[in-house]
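Please open the model in your viewer and keep the sequence panel beside it, since this tour moves from one selection to the next.

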Amino acid sequence: MRELRIRVLAGVFVVAGVLSWAGARLWNSVGTLPSVPLAAPVVLALIAVVLLATALSLRARLKAQRDREPGAKGVDPLVAARAVVFGQASALVAALVAGMYGGTGAFLLEILDVPARRDQAVYAGFSVVAGIAVIVAALFLERVCRLPEDDDHNNGAAAPTA
């Protein structure tokens, strides 16, 4: 499984932001701009909390297993792999959504004199922050579940082929 690359996430964020900003300008010229829902930052924050809780739980269980504590509950490799896949998917979606709300928020900064648009700009800003929190939590989860390098186990010998 490949690691998440911050450059890819940043690229998704920037492209989504630019397209969203351009789309918001175009949509506003027609007369109506869709609103930024209050639920957007809340849902992203909940996903970040779930990812962080999963990472902390797995880290504690892996540490107990590594230290050979009596009664330590091991980590099933399939559970760890599923957690990493969930984290990676969440990070990619969060980069896309945060970029989208970031672009919309950047457009809304031009029209802060309208109270409803000011509230939407705040919601968009919180969505970007919550999206970044999802990305950070996903990267932390990926780091927790990282396997040691093969060279450490084989002392530099070639890995056996199947």
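At roughly what angle do the axes of helix α2 and α3 cross, and within what distance do they come? To find out, select residues 39-66, which form helix α2, together with α3, and look along the pair: in this predicted model, their axes come within 11 Å and cross at roughly 155 degrees. Because angles over 145 degrees count as roughly antiparallel, α2 and α3 are described as roughly antiparallel to each other. If you turn the view so that one helix lies in front of the other, you are looking at a left-handed crossing of α2 and α3.

Next, keep α3 (residues 77-108) selected and add helix α4, which covers residues 115-144. The axes of α3 and α4 come within 8 Å, and they cross at roughly 155 degrees, so this pair, too, is roughly antiparallel. The crossing of α3 and α4 is left-handed, and the residues of their contact divide into 15 nonpolar, eight polar and two charged. Two packed helices are described by the angle between their axes and the distance between the axes.

Now zoom out and show the whole protein chain, whose secondary structure comes to five helices and zero strands, following the pattern α-α-α-α-α along the sequence. The radius of gyration of the chain is 21 Å, well over the 15 Å that the globule rule gives for 162 residues, so the chain is more spread out than a compact globule. Along its principal axes, the C-alpha trace spans about 65 × 35 × 20 Å.

For the last stop, which residues line the second largest pocket? Select Ser20, Gly23, Ala24, Trp27, Leu33, Pro34, Ser35, Val36, Pro37, Met100, Tyr101 and Thr104, and you will have its lining on the screen. The elements that give two or more residues to this lining are α1 (6-30) and α3, with α1 giving the most, namely four residues. If you colour the lining of the second largest pocket by class, you should find eight nonpolar, four polar and no charged residues, around a space of about 160 Å³.

Definitions and conventions:
Residues numbered from 1 in each chain as written. Predicted model: local features only at pLDDT ≥ 70, side-chain atom pairs only at ≥ 80, totals over all residues. Heavy atoms only, no water. Axes fitted to C-alpha atoms, helices over the stretch in contact; angles between N-to-C directions. Parallel < 35°, antiparallel > 145°, perpendicular 65-115°, else oblique. Left-handed = near helix turned anticlockwise from the far one by under 90°. Nonpolar A, V, L, I, M, F, W, Y, C, P; charged D, E, K, R; others polar. 1 Å grid on protein atoms, 1.4 Å probe; cavity = no way out; pocket = protein on both sides within 12 Å on 5 of 7 lines; lining within 4 Å. Points joined across faces, edges and corners; volume = space filled by probe spheres on them. Rg over C-alpha atoms; globule rule 2.2 N^0.38 Å.
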